[in-house]
Amino acid sequence: MYPRLNRVLNLLIGSFIGVWIGHSLYLLGDYHAHPGLYALGSAPWYTGILVNGLCTAGFLAVALLVKYILHRKGRSVSREK
């Protein structure tokens with residue numbers, strides 16, 4: 001069970017990082033294509049990248065904590081056998 005959950009967590013971690021990078025690149029290109037639209041806002045154009053980055057970092061912290069706990073639990077189960 002643990003290897004399957006580990007694979008799912010690895011897939012989710014990679015997906016979240018990929019989506020964040022893709023969204024950031026899209027926003028960067030959109031900013032360079034339409035800088036006037038972003039000048040109207042009160043926040044800098046990269047605020048969305050920062051907010052999404054913080055949310056992604058929070059998810060990654062939780063996922064890595066779960067992976068660490070599973071690794072420790074799997075190691076202690078294998079020692080008991």
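**Aromatic pairs, core and surface patch in a predicted model**

Ile17 has its place in helix α1. The structure described here is a predicted model. With a relative accessibility of 34%, Ile17 counts as partly exposed. A nonpolar patch on the surface includes this residue: Ile17, Trp20, Ile21, Leu25 and Leu28 form it. Together the five have about 410 Å² of accessible area.

Helix α1 also holds Gly18. This glycine is partly exposed, at 39% relative accessibility. Gly18 was compared with Val62, which is 44 residues away in sequence. Their C-alpha atoms are 17 Å apart in space.

Aromatic rings were examined next. A search of the whole structure finds four aromatic pairs. One of them joins Phe16 and Phe59. This pair is stacked, with 4.0 Å from centre to centre. The angle between the planes is 20 degrees, and the pair counts as stacked because planes under 30 degrees apart are classed that way. Phe16 belongs to helix α1, which covers residues 2-33, and Phe59 to helix α3, which covers residues 47-80. The pair therefore ties together parts that are 43 residues apart in sequence. Both rings belong to partly exposed residues: Phe16 has a relative accessibility of 34%, and Phe59 has one of 23%.

A second aromatic pair is made by Tyr31 and Tyr38. Its geometry is edge-to-face. The ring centres are 5.7 Å apart, and the planes meet at 70 degrees. The pair is edge-to-face because the angle is over 60 degrees. Tyr31 is partly exposed, at 23% relative accessible area. Tyr38 is partly exposed as well, at 22% relative accessibility. Both tyrosines belong to one aromatic cluster, which Trp45 and Tyr46 complete.

The nonpolar interior was considered next. Five residues make up the largest nonpolar core: Leu9, Ile13, Leu60, Ala63 and Leu70. Helices α1 and α3 each supply at least two residues of this core. The largest share comes from α3, with three residues. Leu70, a member of the core, also has contacts with residues distant in sequence. With neighbours within four places in sequence left aside, Leu70 is in contact with Tyr2, Leu5 and Leu9. Leu9 is itself part of the core.

Two further residues of helix α3 were examined. Thr56 has its place in this helix. Its relative accessible area is 11%. Thr56 is therefore buried, since the limit for buried is under 20%. When residues up to four places away in sequence are not counted, Thr56 touches Phe16 and Trp20. Of these, Phe16 takes part in the stacked pair with Phe59. Trp20 belongs to the surface patch that also contains Ile17.

Gly58 is found in helix α3 too. In contrast to buried Thr56, Gly58 counts as partly exposed, at 36% relative accessibility. Gly58 and Tyr26 are 32 residues apart in sequence. In space, 22 Å lies between them, C-alpha to C-alpha.

How values were computed. Residues are numbered from 1 along each chain as its sequence is written. This is a predicted model: local features need pLDDT of at least 70, side-chain atom pairs count only at pLDDT 80 or more; totals for chains, interfaces and linings use all residues. Side-chain values use heavy atoms; hydrogens and water are left out. Rings of Phe, Tyr and Trp (its six-membered ring) pair if their centres lie within 6.5 Å; planes under 30 degrees apart count as stacked, over 60 as edge-to-face and the rest as tilted. Helices (H or I, at least four residues) and strands (E, at least two) are DSSP runs, numbered from the N terminus. Buried means under 20% relative accessible area, exposed over 50%, partly exposed in between (1.4 Å probe, protein chains only). A nonpolar core is a set of buried Ala, Val, Leu, Ile, Met, Phe, Trp, Tyr and Cys residues joined through side-chain atoms within 4.5 Å. Contact means heavy atoms within 4.5 Å. Patches are made of residues with over 30% relative accessible area and no salt bridge: like charges are joined within 9 Å, nonpolar side chains (Val, Leu, Ile, Met, Phe, Trp, Tyr) within 5 Å. Accessible areas come from the Shrake-Rupley method with a 1.4 Å probe; for residues, only the protein chains shown count as cover. A salt bridge is a side-chain nitrogen of Lys or Arg within 4 Å of a carboxyl oxygen of Asp or Glu.
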